[in-house]
Amino acid sequence: MEPVLELLMALKTAQREVERRFGRLLRPLGVTAVQAEALLIIADGQPVSIADLGARMAADPGHPSRLADRLTAAGWIDRSPSPHDGRRTDLTLTPAGRDLVQRIVAARRPFFDQAAEALAEAGLVDVLPDVRRLLDLVRALPDPE
C-alpha cells in the first residue's frame, strides 16, 4: 500500500474506533456520537449556521440539515432565521440541549483522560500540529475533476 494512503487509512480507522467507543459511552444518554459532536459544536459557538456545522463536522451536503432536524425534534436545539442573513438558519441549544451537553462532557471525561495518558505514554502528545499540517497538505493537492 502507498505510504500516503496507509497513513490516511490509519487516521480514518483511529477516528472510527474513537467514535465507536464514544457511541457506547453515550448510549445511556440517548444520543449518538454524531449527535453529540453536533451539540458540542453548537455549544462551542452558538449561534451556529447549518453550513458552519457541516463544515466543522466535515459532513456530506444535506447531512447537517437532516441532523439539525433530528436534534430539533428531540428538543435539544432551536432553529431560527439569522437576523443578519436571511439565507442562513441559526442553531442554538435549548435548555434540554444545554443539560445534555453537560452530561456528554461528563460522560466522555474519563475516556479522554485515559486517551490523553495513553498518548503521553506513547510519545504522541505533540502529534496534533503534524496532523494539521497533513490536512493542509492534502487540501492543497490538486482536485482531479
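# Reading a predicted fold, one feature at a time

Mentor: Let us begin with a single residue, Asp-85, which is partly exposed, with a relative accessible area of 26%. The model above is a predicted one, and its values are all computed from the atoms.

Trainee: Where is Asp-85 placed, and how do I read its 26%?

Mentor: Asp-85 lies in the loop between β2 and β3. Residues under 20% relative accessible area are called buried and those over 50% exposed, so at 26% Asp-85 falls in between and is partly exposed.

Trainee: Is Ser-82 buried or exposed, and what does it touch?

Mentor: Ser-82 is placed in the loop between β2 (77-81) and β3 (89-93), and because its relative accessibility is 8%, it counts as buried. Leaving aside residues up to four places away in sequence, Ser-82 touches Arg-88 and Asp-90.

Trainee: Which residues does Ser-49 touch, and is it buried or exposed?

Mentor: Ser-49 sits in strand β1 (residues 48-49) and is buried, with a relative accessible area of 5%. Once residues up to four places away in sequence are set aside, Ser-49 touches Arg-88, Thr-89, Asp-90 and Leu-91. Arg-88 and Asp-90 are thus touched by Ser-49 and also by Ser-82.

Trainee: Before the helices, how many helices and strands does the chain have, and what is their pattern?

Mentor: The chain has six helices and three strands, and read along the sequence they follow the pattern α-α-β-α-α-β-β-α-α. The C-alpha atoms fill a box of roughly 45 × 45 × 20 Å along the principal axes.

Trainee: What share of the 145 residues is buried, and what share of the contacts joins residues 24 or more positions apart?

Mentor: Buried residues make up 25% of the 145 residues. If one takes the contacts with a separation of 6 or more, residues 24 or more positions apart account for 52% of them. The accessible surface comes to about 10,000 Å², and carbon and sulfur atoms hold 57% of that surface.

Trainee: How are two packed helices described?

Mentor: Two packed helices are described by the angle between their axes and the distance between the axes. Here, the axes of helix α3 (residues 50-57) and helix α4 (residues 63-73) come within 9 Å and cross at roughly 110 degrees, which means that α3 is roughly perpendicular to α4. In this crossing, which is right-handed, α3 contributes Ile-50, Gly-54 and Met-57 to the contact, while α4 contributes Pro-64, Ser-65, Leu-67 and Ala-68. These residues divide into five nonpolar, two polar and no charged.

Trainee: How do α2 and α4 cross, and which residues meet there?

Mentor: The axes of helix α2 (residues 33-45) and α4 come within 11 Å and cross at roughly 90 degrees, which means that α2 is roughly perpendicular to α4. On the α2 side are Val-34, Gln-35, Ala-38, Leu-39 and Ile-42, and they meet His-63, Leu-67, Arg-70 and Leu-71 in α4. The residues of this contact divide into six nonpolar, two polar and one charged. Leu-67 belongs both to this contact and to the contact of α4 with α3.

Trainee: How do α2 and α5 cross, and what is the handedness?

Mentor: The axes of α2 and helix α5 (residues 95-121) come within 10 Å and cross at roughly 115 degrees, which means that α2 is roughly perpendicular to α5, and this crossing is left-handed. From α2 the contact takes Ala-36, Leu-39, Leu-40 and Ala-43, and from α5 it takes Leu-100, Val-101, Ile-104, Val-105 and Arg-108. Its residues divide into eight nonpolar, no polar and one charged. Leu-39 appears in this contact and in the contact of α2 with α4.

Trainee: Which form does the peptide bond from Gln-46 to Pro-47 take, cis or trans?

Mentor: As a general guide, most peptide bonds are trans. The bond from Gln-46 to Pro-47, however, is cis, with omega near 0 degrees, and Pro-47 is found in the loop between α2 and β1.

Trainee: To finish, how far apart in space are Arg-103 and Leu-141, and Asp-85 and Arg-133?

Mentor: Arg-103 is in helix α5 and is partly exposed, with a relative accessible area of 37%. Its C-alpha atom is separated by 40 Å from that of Leu-141, 38 residues apart along the chain. Asp-85, with which we began, is 48 residues apart from Arg-133 in sequence and 33 Å apart in space, C-alpha to C-alpha.

Definitions and conventions:
Residues are numbered from 1 along each chain as its sequence is written. This is a predicted model: local features need pLDDT of at least 70, side-chain atom pairs count only at pLDDT 80 or more; totals for chains, interfaces and linings use all residues. Side-chain values use heavy atoms; hydrogens and water are left out. Axes are lines fitted to C-alpha atoms, for helices over the stretch in contact, and angles run from 0 to 180 degrees between N-to-C directions. Helices (H or I, at least four residues) and strands (E, at least two) are DSSP runs, numbered from the N terminus. Angles under 35 degrees count as roughly parallel, over 145 as roughly antiparallel, 65 to 115 as roughly perpendicular and the rest as oblique. A crossing is left-handed if the near helix is turned anticlockwise from the far one by less than a right angle, and right-handed if clockwise. Contact means heavy atoms within 4.5 Å. Ala, Val, Leu, Ile, Met, Phe, Trp, Tyr, Cys and Pro count as nonpolar, Asp, Glu, Lys and Arg as charged, and the others, Gly among them, as polar. Buried means under 20% relative accessible area, exposed over 50%, partly exposed in between (1.4 Å probe, protein chains only). Accessible areas come from the Shrake-Rupley method with a 1.4 Å probe; for residues, only the protein chains shown count as cover.
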